Amino acid sequence: MIRRSLTPSAFVAAFAMSAATTAQAEAIDPISTEAIYACAEITDNAARLACYDDTVGRFQTAEEAGEVATITKSEMAEIQEDSFGFSLPSLPRIVMPKFGGGEDTAPDRVEFAVSNISRLRSDKVRITLENGQVWDQIDTKRVRYSKKVGVESAEIRKASLGSFKMKLDGGTAFRVTRVK
């Protein structure tokens, strides 16, 4: 049996190649749409095409790896509606300026169909909406609804000090908090 071992110089050479590859990978700038747009500034047709091929390829690789994502204005509005009642402080700051708005573009009220309503032990109600959101009553008002007829919709609006109020089928408003 022949036994081979790395000589010290071979070990150093392998380490140097590994370090060079790592440094080269770190030297590549993170991809963004600005890098793609910069290609439009190149006047030479061949250089512009090479720039587009390179940056679009890197962008596609980053997107497939989950490092970047694109989002439309309507998708952002849907995210804001689905997340209504939860605090997402950095989302509007990061995304909305690109759509010409900020936190003031988030909805102040939303309306969803109700899938289930139940009484908790404390005689408060838990409302499950058709989109999967779950809200619990936090005040002591007596919420009236008909189990036989059911509840069609819930309107939720922002109230003072970061709280929320809900109306079931246009009835009396009561304070709620989102639990899911």
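**View 1. Burial and ring packing of W135 and F164 in the predicted model.** W135 and F164 are both buried in this predicted model. Together they make up the one aromatic pair that the structure holds, and the arrangement of their rings is edge-to-face, with 5.6 Å from centre to centre and 70° between the planes. Because W135 belongs to strand β3 (residues 134–137) and F164 to strand β5 (residues 164–168), the pair ties together parts that are 29 residues apart in sequence.

**View 2. The closed barrel and its strand order.** Six strands form a closed barrel in the order β1-β2-β3-β6-β5-β4, and their pairing is antiparallel. On average, neighbouring strands of this sheet are turned by 45° against each other, when direction is ignored. As background to this view and the ones that follow, strands of a sheet pair through backbone hydrogen bonds, either parallel or antiparallel.

**View 3. The pairing of β3 with β6.** Strand β3 runs antiparallel to strand β6 (residues 174–178), and the two are joined by three bridges. One residue to locate here is Q137, whose bridge partner in β6 is V176.

**View 4. The pairing of β1 with β4.** Five bridges connect β1 with strand β4 (residues 153–158), again in the antiparallel sense. Within this pairing, V110 is found opposite I156 of β4.

**View 5. The surroundings of E111.** E111 is part of strand β1 (residues 109–119), and its relative accessibility of 52% places E111 in the exposed class, for which the cut-off is over 50%. When residues up to four places away in sequence are left out, E111 touches S153, A154 and E155. Although E111 and S153 are 42 residues apart along the chain, their C-alpha atoms are separated by 6.8 Å, and their side chains are joined by a polar contact of 3.2 Å.

**View 6. The hairpin of β4 and β5.** Strands β4 and β5 run antiparallel and are joined by five bridges, with K158 standing opposite F164 in β5. This F164 is the residue whose ring forms the edge-to-face pair with W135. Between the two strands of the hairpin there are five residues, and L161 takes a positive phi near 55° in this hairpin.

Definitions and conventions: Residues numbered from 1 in each chain as written. Predicted model: local features only at pLDDT ≥ 70, side-chain atom pairs only at ≥ 80, totals over all residues. Heavy atoms only, no water. Phe/Tyr/Trp six-rings, centres within 6.5 Å; stacked < 30°, edge-to-face > 60°. Helix = DSSP H or I, 4+ residues; strand = E, 2+ residues; numbered from the N terminus. Buried < 20%, exposed > 50% of the residue type's maximum accessible area, 1.4 Å probe, protein only. Pairing = 2+ DSSP bridges. Axes fitted to C-alpha atoms, helices over the stretch in contact; angles between N-to-C directions. Contact = heavy atoms within 4.5 Å. Polar contact = N/O pair within 3.5 Å; in protein donor to acceptor, adjacent residues only side chain to side chain.
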